[in-house]
Amino acid sequence: MPQQDDLFPVQSLSIEVPEDLKEPRLWVRRLKIWEAPGGEVIRDVELRPGLNIIWSPDGDDDPEGGERAIGHGGGKTLFCRLLRYCLGETRFADEVQRDAISTAFLNGVVGAEVMLDGVCWAVSRPLGVGRKHFAIQNGKLDEVALMDGPATGIEPLVDAIETTIIGDRTAELAGLLPGQRAWPIALAWASRDQECRFDHVLDWRSPLSGSDAPQPASGEAKSPRLLALRAFIVALTEDEQNTRRKEQALTNQLDDAKQQRSYLEWDQKRRVDRLVNDLGLIDSSLPEMPLLLDSLKSEADRKLATAADLPAGDRSELSEARRSLQSARAKLRDAELKAAGLEARLPLEEKLLSQLKSEIPGLSAAAQTAASPICPICEVPIDTALAEGCKLSHKLPDAEQCQARWDAKRQQIEVQVQAISSVRIDIESLKPEIAIARQSSQQAEERVRRLEQAADARDTSWRAATRNVDDVRRCKELVDELAGSKSAINSLESKLRQVREQLRGFEDKQAKTIGTISQKFSGIIRHLLGDDAKGNVRLTGSGLDPQVEAGGDRRTAAIQSLKVLAFDLACLCLSLEGRTRLPAFLIHDSPREADLGQTIYHEHFSLLRLLEKSLAGSTFQYIITTTTKPPDDLNREPWLRLTLRGAPAAGRLMRRDL
């Protein structure tokens, strides 16, 4: 019997281009860089439909640079980024390179002639700071670059691409946010970052490139990009998208229901464990749920009845005891305050007594002097002064007055001594009163404590018993809630299975589209690897899976890069036939550096030449940058559009060191 491969031979690559399509629906006709508006033209690169090669010779491949030629650092990636910038991307380089370029070209401008369905759009965007962005339909590039009126922004061009090629419903189908446009996502696929290394068909933008690409063009999750890709290749319908939204809603509801069930189970276990411990049933032989609840309820009711029989105590007695305590504390406080006042007064009274006593010696001396007076003026005894006469004074001391002052002071001292004695007596008399008041206060406090403890003991027992009864009731409710939760989960799981069956049905319906891509992909693989090789593209539940068979399933790094290139070209061919929501436009930045072998690399150019010459003509645009020398038959005009060199600086894209 013939083998299965003989029954279904691998078809060669074929493309059915619409008869009315004479040029790419979207392509870039020119890229131009000015040092300043109206100033020196740094680069003016004309591009063409079909194959466009940007070559930066390396080593002895350079006929002018010899073995010391440097292919890297010439500006190939910057050239691609500037093209992307003129097609609507937000940034043209990473932050470091942008700063270097804006510093060197403060008023620099990059412009492009973008052809959209035969209409030329002149685009002008700044490289430095302070300039405006313009996208003018039917504009002339040199004139637009000089414009200084109100800026249009790049949005008019993006809107036109969305309307004419991408379609109004694509963004919604691709699962984008409201107001988000689909063209920047499509552009990310059509012009992969070199940093992605052609590792995966769904790797479009790398965080290392600093392109500030919108979601879902970047990020670790590939499923949003797969959704966008399917929308672009018309392998996704609104019904499927609605079903996917339903699947997501059911998935979220199921997750919430499972989380709620987990919480209910935790709450039930917590309450049952506490009941078993509080009711003293730890060492008992207990039945399983739900019979366990009957045992717990019986014991909880018994505990509650026991707590209800505890003496409640006389609440009026407790109130009276608290009033007695307040009265005792008030008496103690008054006595202590009175004692404190007397204690503070005693030193003052003693000090006053000391002052009075200090005046006695002076008064005593004055009285004695008055008895035998001496003239205070001349210090002569009065008797002598009277006998002989005093020449200075006629006043004599009053002995009676001096004696009276001395007697009065002695009387004051006696009164002060009595006052001090009275204070001390009062202090001593307060000590027993304070002791009695303190004892009364302590007794009242003890009485209140006993009464409160008795009341608290009953309240605690009552509260614990009541809580146990409430826990049993709640556990019974949780049994019903858990049953409802499990029923809801089963229902959601059943609905989710049905929805996923519907999704598998949609995937089967899209098998024709994926099959068409697979045919293109296989034809490209056969051209690149030989007639014994073939390829296949499958849409699985986990993503898009391109496979290559060449003497067995091949999964090396080089084959992985080849899969990405072949898949992009297969979708390009599909776009040529008008079967996608994408233009037939691709930029591949240095695919040779992604572990692509020399032989395969040359066959890659051969395939593109075949597309241009025989299969599709000038109805697509493919731009490729390379440091490896292109095949000799293509390493010239019209295919070779620009030659860059890493050294000297004049050979670089911007013609200077940055």
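The paragraphs below walk through a helix pair, an aromatic cluster and a sheet in this predicted model. Residues are numbered from 1 along each chain as its sequence is written, and side-chain values use heavy atoms, with hydrogens and water left out. Because the model is predicted, local features need pLDDT of at least 70 and side-chain atom pairs count only at pLDDT 80 or more, whereas totals for chains, interfaces and linings use all residues.

Helices and strands here are DSSP runs numbered from the N terminus (H or I over at least four residues for a helix, E over at least two for a strand). Helix α15 (residues 557-576) packs with helix α16 (residues 598-615) at an angle of about 5°, the axes being 12 Å apart; such axes are lines fitted to C-alpha atoms, for helices over the stretch in contact, and angles run from 0 to 180 degrees between N-to-C directions. The two helices, α15 and α16, are therefore roughly parallel to each other, a term for angles under 35 degrees. On the α15 side, L562, L565, L569 and C573 meet I600, H604, L607, L608 and L611 of α16, where contact means heavy atoms within 4.5 Å.

Helix α15 also takes part in an aromatic cluster, which W189, W204 and F567 form, with F567 in helix α15. Rings of Phe, Tyr and Trp (its six-membered ring) pair if their centres lie within 6.5 Å, and planes under 30 degrees apart count as stacked. W189 and W204 form a stacked pair, 5.8 Å centre to centre with 10° between the planes. Since W189 lies in helix α7 (residues 183-190) and W204 in the loop between α7 and α8 (223-232), the pair ties together parts that are 15 residues apart in sequence. W189 is also stacked with F567, at 6.1 Å centre to centre and 25° between the planes, and this pair links distant parts of the chain, 378 residues apart. Both W189 and W204 are buried, as are both W189 and F567, buried meaning under 20% relative accessible area (1.4 Å probe, protein chains only).

The last element is an open sheet of four strands, in the order β9-β10-β3-β11, with parallel pairing; two strands pair if DSSP finds at least two bridges between them. Strands β9 (585-589) and β11 (640-643) stand at the edges with a single partner strand each, so one side of each is left without a neighbour in the sheet. Neighbouring strands are turned by 15° against each other on average, direction ignored. Five bridges join β9 to the parallel strand β10 (residues 621-626), and I587 has I623 in β10 as its bridge partner.

Notes:
Angles under 35 degrees count as roughly parallel, over 145 as roughly antiparallel, 65 to 115 as roughly perpendicular and the rest as oblique. Rings of Phe, Tyr and Trp (its six-membered ring) pair if their centres lie within 6.5 Å; planes under 30 degrees apart count as stacked, over 60 as edge-to-face and the rest as tilted. Buried means under 20% relative accessible area, exposed over 50%, partly exposed in between (1.4 Å probe, protein chains only).
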